[in-house]
Amino acid sequence: MAERSAEGEFRSGFVCFVGRPNTGKSTLTNALVGAKIAITSSRPQTTRHTIRGIVHREHAQLILVDTPGLHRPRTLLGQRLNDLVRDTYSEVDVIALCIPADEKIGPGDRWIVQQVRQMAPKTTLLGVVTKTDKVGRDRIAEQLLAVSQLLGPEAEIVPVSAVKGEQVEVLVDVIAAQMPEGPAFYPDGELTDEPEETLMAELIREAALEGVRDELPHSLAVVIEEVLPREGREDMLDVHALLYVERPSQKAIVIGKGGSRLKEVGTNARKQIEHILGTRIYLNLHVKVAKDWQRDPKQLGKLGF
Ligand SMILES: Nc1nc2c(ncn2[C@@H]2O[C@H](COP(=O)(O)OP(=O)(O)OP(=O)(O)O)[C@@H](O)[C@H]2O)c(=O)[nH]1
Ligand SMILES: [Mg+2]
């Protein structure tokens, strides 16, 4: 168990969550921050840019950097996401490797450890065994041992369930103990440095990902075109968003029969956005085809990658 900082000392710093896609990094980020600032889904490659979440405690402030899952890239988008994650290694005090309790450690995990050790040889590497609610105690113990073998005997390893909220505070303490002494970087109460437009685009993408299958998730990108205050109404925003897909067939799936799916996506996203921004919005969604944007440098640039 890590030492707590002595009375009066304040610690602050950056911690980056890394791991294969779908290992629970964003869910854990939200659980630690105590608010939904990162979207999550059962599909790999949900997170596409680094998201900073801020954890405020009496004796510490942690800035969590949630990153896209790392994997051997198959598209230009995949390559850009990997580059993004590598860039953040050098900027953080602690790197926390997330490995689910219910999956065997594989070459993908070893590859990530090797990347981290190469790019940030001096940075503290922690192990986090995620999704512990999915397995029994024996399996958790087995996984802790396996992660210890992967990271070496000096590495601290914490088992957590972000969904059940188990061990989340223990993880905060262990990370905080590794941080340098120093003042807070962000004012009290600030939970993320995500621009509101990014949050909105992400919540729309999450709603649109719900229930879709196969390769569509990777083909979907959302851009906020315009945010305007409603004339004569201070408490309402008009938000215009574009959903990009790669093929006409995908456009049909997103829109649904008679527009039914898109309507549902709009309703779900609107509720989430209103909740996080604390203001009423009118959400206008349009779907467009941008052929093979994941592989096209020009299109990627336009979509912000
Ligand atoms: N049962 C259980 N499921 C979890 C837990 N944490 C995450 N999950 C589920 O695992 C899936 C992936 O979670 P995410 O947080 O989106 O994973 P990620 O690592 O951010 O994924 P990428 O952004 O694609 O790399 C989702 O379906 C989550 O609901 C947990 O503690 N318990
Ligand atoms: Mg994620």
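**An open sheet and two aromatic pairs**

Phe14 is buried, with a relative accessible area of 14%. I begin with this residue, and I should say at once that the model before you is predicted. Phe14 will return when I come to the aromatic rings; allow me to turn to the sheet.

Six strands make up an open sheet, and their order is E2-E3-E1-E4-E5-E6, with mixed pairing. Which strands stand at the edges? They are strand E2, residues 51-57, and strand E6, residues 157-159. Each has a single partner strand, so one side of each is left without a neighbour in the sheet. From one strand to the next, the twist averages 25°.

Let us look at the E2 end. E2 pairs with strand E3, residues 60-66, in the antiparallel sense, over 7 bridges. Within this pairing, Gly53 has Leu64 of E3 as its bridge partner.

Two helices that pack on the sheet deserve attention. Helix H1, residues 25-33, touches strand E1 (11-18), E2, E3, strand E4 (94-100) and strand E5 (124-130). The direction of H1 makes about 155° with that of E3. Helix H3, residues 107-119, also packs on the sheet, where it touches E1, E4 and E5. The direction of H3 makes about 180° with that of E4.

I now move to the aromatic rings. How many aromatic pairs are there? The count comes to 2.

One pair joins Phe14 and Phe185, and its geometry is edge-to-face: the centres are 5.1 Å apart, with 65° between the planes. Phe14 lies in strand E1, while Phe185 belongs to the loop between helix H5 (168-177) and helix H6 (196-209). The pair therefore ties together parts that are 171 residues apart in sequence. As for exposure, Phe14 is buried at 14%, whereas Phe185 is partly exposed, with a relative accessible area of 49%.

The other pair is formed by Trp293 and Phe305. Here the ring centres are 6.0 Å apart and the planes are at 10°, so the pair is stacked. Where do these two residues lie? Trp293 is in the loop between strand E9 (280-289) and helix H10 (297-302), and Phe305 is in the segment after H10. This pair thus ties together parts that are 12 residues apart in sequence. Trp293 counts as buried, at 0% relative accessibility; Phe305, at 25%, counts as partly exposed.

To close, I return to the sheet: strand E1, which holds Phe14, is among the strands touched by H1 and is also touched by H3.

Key:
Residues numbered from 1 in each chain as written. Chains lettered and ligands numbered in written order. Predicted model: local features only at pLDDT ≥ 70, side-chain atom pairs only at ≥ 80, totals over all residues. Heavy atoms only, no water. Pairing = 2+ DSSP bridges. Helix = DSSP H or I, 4+ residues; strand = E, 2+ residues; numbered from the N terminus. Axes fitted to C-alpha atoms, helices over the stretch in contact; angles between N-to-C directions. Contact = heavy atoms within 4.5 Å. Phe/Tyr/Trp six-rings, centres within 6.5 Å; stacked < 30°, edge-to-face > 60°. Buried < 20%, exposed > 50% of the residue type's maximum accessible area, 1.4 Å probe, protein only.
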